[in-house]
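Colleague: Could you take a close look at a single interface for me, and then at a few local details beyond it? I would like the cut-offs behind each term as you go.

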Amino acid sequence: SCLPLSTVIGLYGETLEVPCNNGKAKPEDLLITKWKYVKAIRGDLLVRKKDQSASVLAQDEYKDRVSMAENSSLLLSAAKLSDQKTFTCMIVAGADITEYPVNVLIHKAPSGLELSEKAKELEIGKPTKLGECVAKDANPAANITWLKDNKPLIADGKGILIHTSVQEDPITGLLTTSSVLEYSAGKEDAHAQFTCSSQDTVGQEQVSSPVTFTITYRTENISLEVISGGRFIEGDNVTLKCVADGNPAPTSFNFNLKGDVVKVENSDSYTLTDVTRYTTGEYKCSLVDDPTLEASRHITVDYLDIKLNPSGKILKSAGDAVDLALYFNASGKPTVSWSKDNVKIDKEPKFTKLTYSDSGRYECEVTMGPLSRKASFELVVEGAPVIRQLSKKRSEDGRHKILICEAEGSPKPTVSWSINGTSLDESPFINGKITHKITVVPTVNLSVSCTVYNELGQDTRVIQLSPSKYDVKV
């Protein structure tokens with residue numbers, strides 16, 4: 001009797017074990033076990049009689065490759081593709097003869113997976129042979145899958161085309177699969193990793209080393225950058241940079257500098273040096289080979305000019321007026337601060353009626369952002385001296401008289417008395433004022449005069465003194 005066919009898979013080059021009766025226990029009355037296969041004439045391989053060891057019957061290529069295991073399995077060394085056939089185990093037990101046919105398949109994983117013939121670069125939107133993936137010497141033929149960033153690529157007849165072919169080795173019968181990927185790249189593929197993998201029936205997966213590609217594409221967008229900042233002041237340097245998104249990046253540009261076109265080669269930048277207010281305006285850059293791709297930026301150069309009237313050293317008379325005028329020409333709104341003799345004052349000074357205390361050095365500082373300008377003048381208020389007060393008082397011990405002459409004028413007045421006294425005392429000359437004191441001991445009635453003078457004039461006042469215990473005022 002002949003039972004249904006079972007299948008055994010062996011590995012190429014290794015020893016194959018073909019079980020007899022699925023490896024079940026041998027019957028009690030087993031007489032003969034024989035292995036054979038079908039060919040033009042019957043291919044007997046091995047036989048084993050009861051209580052004897054197996055003997056080889058084969059005369060062909062199997063003669064040196066077959067043996068029988070203790071459990072009656074057929075052992076076949078160095079399996080190859082020509083072993084893919086049906087082997088039959090025949091058992092004679094008592095009066096029964098049973099045959100157990102077994103179908104043998106030989107599998108082999110590919111002996112490597114290689115991604116070769118890689119493209120030098122990929123151009124966006126242009127179908128290009130990305131590479132060829134080869135899985136060598138397998139059985140059955142390996143299936144090859146292409147992956148981008150570990151995700152399988154599916155042929156769509158447009159941007160992804162996959163051509164697969166299989167070749168058989170004429171000697172071994174092993175199969176080599178070749179797969180060519182034709183791919184239309186996008187910008188997003190600039191850093192993508194491409195691999196190929198093969199899956200075989202033995203359950204092993206092989207993956208090639210990943211490859212990346214330079215993605216080339218024409219410039220679609222262009223922008224003009226100002227490298228050195230936003231707003232500028234006169235004297236700055238301003239660097240313009242033309243940025244294009246093409247790959248490889250363009251190497252020459254036209255810079256339009258307010259109407260003057262300058263071609264720059266092997267650089268994407270142009271520097272305006274020592275800019276002035278007249279540099280302010282619209283600047284553009286474009287591709288030399290495609291002037292329609294153009295970008296522009298407005299550049300502003302800030303400036304600040306000031307003029308203060310009066311300036312220098314101003315000589316004026318007490319009681320006069322001075323018209324003060326500050327003019328400025330600026331690209332924005334500046335702030336103004338004032339100081340007198342290096343001390344900050346709250347507001348711009350007004351001189352409608354000059355006093356000696358108005359004398360001093362006035363400075364204004366005008367600022368706008370990083371720009372700062374200063375202007376100053378020195379005001380000198382002059383006048384012939386005037387005695388404001390001539391007075392007397394008794395000294396603390398009551399024996400002396402102290403005479404006090406208070407005067408105003410500028411330049412500093414000189415003070416003289418009509419009599420000699422002691423303890424001359426002169427106050428500091430501040431804001432056109434000076435105070436002079438002398439101490440006297442009158443012995444008779446006296447008229448004492450105080451005279452003050454400078455190059456502009458003089459003034460005299462008289463005071464009466466008496467030796468009596470009571471002062472007499474005039």
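Modeller: Happily! Buried area here is the accessible area, with a 1.4 Å probe, that two parts lose on being put together, summed over both. This is a predicted model: local features need pLDDT of at least 70, side-chain atom pairs count only at pLDDT 80 or more, and totals for chains, interfaces and linings use all residues. Residues are numbered from 1 along each chain as its sequence is written, and side-chain values use heavy atoms, with hydrogens and water left out.

The protein chain is divided into domain 1 (6–107), domain 2 (112–216), domain 3 (222–297), domain 4 (304–382) and domain 5 (383–465), with bounds from an automatic or database domain assignment. Let us look at where domain 1 meets domain 2. Taken over C-alpha atoms, the centres of domain 1 and domain 2 are 42 Å apart. Their contact (heavy atoms within 4.5 Å) takes 6 residues from domain 1 and 7 residues from domain 2. Between them, domain 1 and domain 2 bury about 510 Å², and 64% of this is on carbon and sulfur atoms. On the side of domain 1, Tyr12, Leu81 and His107 lose the most area to domain 2, together 84% of what that side buries.

What about polar chemistry across the interface? For domain 1 and domain 2, the rule finds 0 salt bridges, a salt bridge being a side-chain nitrogen of Lys or Arg within 4 Å of a carboxyl oxygen of Asp or Glu. There are, however, 2 residue pairs in polar contact across the interface of domain 1 and domain 2, both at pLDDT 80 or more. A polar contact is a pair of N or O atoms within 3.5 Å; within protein, one must be able to donate a hydrogen and the other to accept it, and residues adjacent in sequence count only if both atoms are side-chain atoms. By class, the side of domain 1 that touches domain 2 has 4 nonpolar, 2 polar and no charged residues. In this scheme Ala, Val, Leu, Ile, Met, Phe, Trp, Tyr, Cys and Pro count as nonpolar, Asp, Glu, Lys and Arg as charged, and the others, Gly among them, as polar.

Now for the local details. The whole structure holds 17 salt bridges, including one between the side chains of Lys148 and Asp189 at 2.8 Å, N to O. Lys148 lies in strand β13 (residues 143–148) and Asp189 in the loop between β16 (175–183) and β17, so this pair ties together parts 41 residues apart in sequence. Strands (E, at least two residues) and helices (H or I, at least four) are DSSP runs, numbered from the N terminus.

The search also finds 4 disulfides in the whole structure, a disulfide being a pair of cysteine sulfur atoms within 2.5 Å. One of them joins Cys133 and Cys196, with sulfur atoms 1.8 Å apart. The torsion about the S-S bond of Cys133 and Cys196 is about 65°, so this disulfide is right-handed. Cys133 sits in strand β12 (residues 128–138) and Cys196 in strand β17 (residues 194–199), 63 residues apart.

For your backbone checks, Glu117 has a positive phi, near 50°, though it is not glycine; Glu117 is in the loop between β10 (113–116) and β11 (121–123). The peptide bond from Asn309 to Pro310 is cis, with omega near 5°. Ser410 and Pro411 are also joined by a cis peptide bond, with omega about 0°.
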